[in-house]
Amino acid sequence: MNSLKKKILAGLLSGAIIFTGGLAINSVQAAENSTNQQQEFGRHQRGERPKMTDEQRSQRIKEFAEHYGVNQAEVEAALKKHTDFRDLQQAAILAKLSGKSFSEVLSMKTDWRQVAEKLGVSREQVENFMKAEMLEGLAKNSKLDTKTVESLLKEKYNPRDITIAGRIADASGKNIKSVIAKKKINNNWEDVAKEFNVDWKKITNSERGRGFGNGNGFGRNHERGDKNQRPQAED
């Protein structure tokens, strides 16, 4: 696996950037298991995403359906059957790549690798699709173009840092390279934002809950301004 694929995989596994609406719907499933205020308070104390309103839930499902070109009612029905979101996502991806219907592919679920083989979808096709999706999502969240995002990933910057730096660059009108270069081991992103006269709260609230690891915007290290957080991912 080459270096860029490792960065993309790291971003996907950490939840830094994933498909539109994905983490939000996953959070819906978790939130629906909360039955009283005490449980909800416990979730809040653990740093988990608060329960979504019906309107928010419908909006996330709508976004997922529109993004993958699947029927919203079918997604709703699958969630009601407590289908794991990862299976919904796998089915949506394979349906898109194979030209089959979402419901048909979802009904085939055994081992997804076997399903992909039956549908004639290669591993390379899936990897290319995921790469394009990841770059598109990261570009949207960071307010950068996909070529710039891909270049920064190749330079070993991690997805969260690219996103924060991109937002600061967008808000300040500065070049992304001049912004991301300011992040050192002895400072944090809030320090960088202040240096560029950018309101940190606007950066952390922007697109809150979309595509970040814990479903609450930026990861916990960034919310605290962890001074030990490095801007580059490991190989």
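A crossing of two helices is called right-handed if the near helix is turned clockwise from the far one by less than a right angle, and left-handed if anticlockwise. Keep that in mind for the close-ups below, which come from a predicted model.

**Figure 1. The whole chain is built with helices and no strands.** Before zooming in, here's the overall picture. The protein chain has 15 helices and zero strands. It runs to 235 residues, and 45% of them count as buried. On the outside, the chain exposes about 12,700 Å², with carbon and sulfur atoms supplying 45% of that area. Now take the contacts between residues at least 6 apart in sequence: 57% of these join residues at least 24 apart.

**Figure 2. Helix α6 crosses helix α9 in a right-handed way.** Here we look at α6, which covers residues 85-98, and α9, which covers residues 123-142. Their axes come within 11 Å and cross at roughly 110°. Angles from 65 to 115 degrees count as roughly perpendicular, so that is how α6 sits relative to α9. Who touches whom? On the α6 side you'll find Ile93, Leu94, Lys96 and Leu97, and they meet Gln125, Val126 and Phe129 of α9. Sorted by class, this contact has five nonpolar residues, plus one polar and one charged.

**Figure 3. Helices α4 and α5 make another right-handed crossing.** This view moves to α4 (residues 54-68) and α5 (residues 72-80). The two axes come within 9 Å, and the crossing angle is roughly 120°. The range for roughly perpendicular ends at 115 degrees, and α4 and α5 are therefore oblique to each other. From α4, the residues in the contact are Arg57, Ser58, Ile61, Lys62, Phe64 and Ala65. Their partners in α5 are Gln72, Val75, Glu76 and Leu79. The mix of classes in this contact is five nonpolar, two polar and three charged residues.

**Figure 4. Gly173 sits in a loop between two helices.** The last close-up picks out a single residue. Gly173 lies between α11, which spans 159-172, and α12, which spans 176-180. Is Gly173 buried or exposed? Its relative accessibility is 66%, and anything over 50% is called exposed, so Gly173 counts as exposed. While you're here, look for Phe196 as well: Gly173 and Phe196 are 23 residues apart along the chain, and their C-alpha atoms are separated by 9.3 Å.

Definitions and conventions
Residues are numbered from 1 along each chain as its sequence is written. This is a predicted model: local features need pLDDT of at least 70, side-chain atom pairs count only at pLDDT 80 or more; totals for chains, interfaces and linings use all residues. Side-chain values use heavy atoms; hydrogens and water are left out. Axes are lines fitted to C-alpha atoms, for helices over the stretch in contact, and angles run from 0 to 180 degrees between N-to-C directions. Helices (H or I, at least four residues) and strands (E, at least two) are DSSP runs, numbered from the N terminus. Angles under 35 degrees count as roughly parallel, over 145 as roughly antiparallel, 65 to 115 as roughly perpendicular and the rest as oblique. Contact means heavy atoms within 4.5 Å. Ala, Val, Leu, Ile, Met, Phe, Trp, Tyr, Cys and Pro count as nonpolar, Asp, Glu, Lys and Arg as charged, and the others, Gly among them, as polar. Buried means under 20% relative accessible area, exposed over 50%, partly exposed in between (1.4 Å probe, protein chains only). Accessible areas come from the Shrake-Rupley method with a 1.4 Å probe; for residues, only the protein chains shown count as cover.
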